[in-house]
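I opened the model today to look up its aromatic contacts and its pockets, and I note below what I found.

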Amino acid sequence: MHPGGGGAERLPHLVGRGRALEIVLGANDFDGNTAERYGYVNRSLPDTELDGFVDALARRIASFDRRAIAAAKNLVNQVSLPSADRLLDALNSFQTSLTWSEAQQRIQALLERGLQRDGNFEKQWPATLGALLNT
């Protein structure tokens, strides 16, 4: 299966085509420094610095005029977000992929391993996904 929530449409604009393919097709996690270097996240900070950074940034942005913030966001969105039609195509493609017998078999195998039941399942996602066909 492939992303169906707009990730494949947005990601190449953030990280470039090659890295987007690595992220989507590799279905793996990245450490913070790699994610920052790829452009997948804005910045990577030590946990001890994160709250202070976010608080200072939020307060700075909140100090600006609301209409100016909205206008700036609108301008950035116009050039950086996919169209509604492109997102609908992606959603339709994802929904179609759910009907593939291979996808249904893999979903069943993931459910048997703890998907939607085990609270720690997502922490083990890369290893589980990588070994899914080995069983």
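**Aromatic pairs**

I looked up the ring contacts and found that the structure holds three aromatic pairs, where rings of Phe, Tyr and Trp (its six-membered ring) pair if their centres lie within 6.5 Å. In the pair of F30 and Y38 the ring centres are 5.4 Å apart and the planes stand at 55°, so I list this pair as tilted (planes under 30 degrees apart count as stacked, over 60 as edge-to-face and the rest as tilted). F30, Y38 and Y40 form one aromatic cluster.

I note that this is a predicted model, in which local features need pLDDT of at least 70 and side-chain atom pairs count only at pLDDT 80 or more, while totals for chains, interfaces and linings use all residues. Residues are numbered from 1 along each chain as its sequence is written, and side-chain values use heavy atoms, with hydrogens and water left out.

**Accessibility**

Are F30 and Y38 buried or partly exposed? I read F30 as partly exposed at 25% relative accessibility, whereas Y38 is buried at 12% (buried means under 20% relative accessible area, exposed over 50%, partly exposed in between, with a 1.4 Å probe and protein chains only).

I then turned to D55, which lies in helix 4 (residues 47-62), helices being DSSP runs of H or I with at least four residues, numbered from the N terminus. D55 has a relative accessible area of 37%, so I enter D55 as partly exposed. From D55 to P126 I noted 71 residues in sequence and 32 Å in space, C-alpha to C-alpha.

Technical notes
Helices (H or I, at least four residues) and strands (E, at least two) are DSSP runs, numbered from the N terminus.
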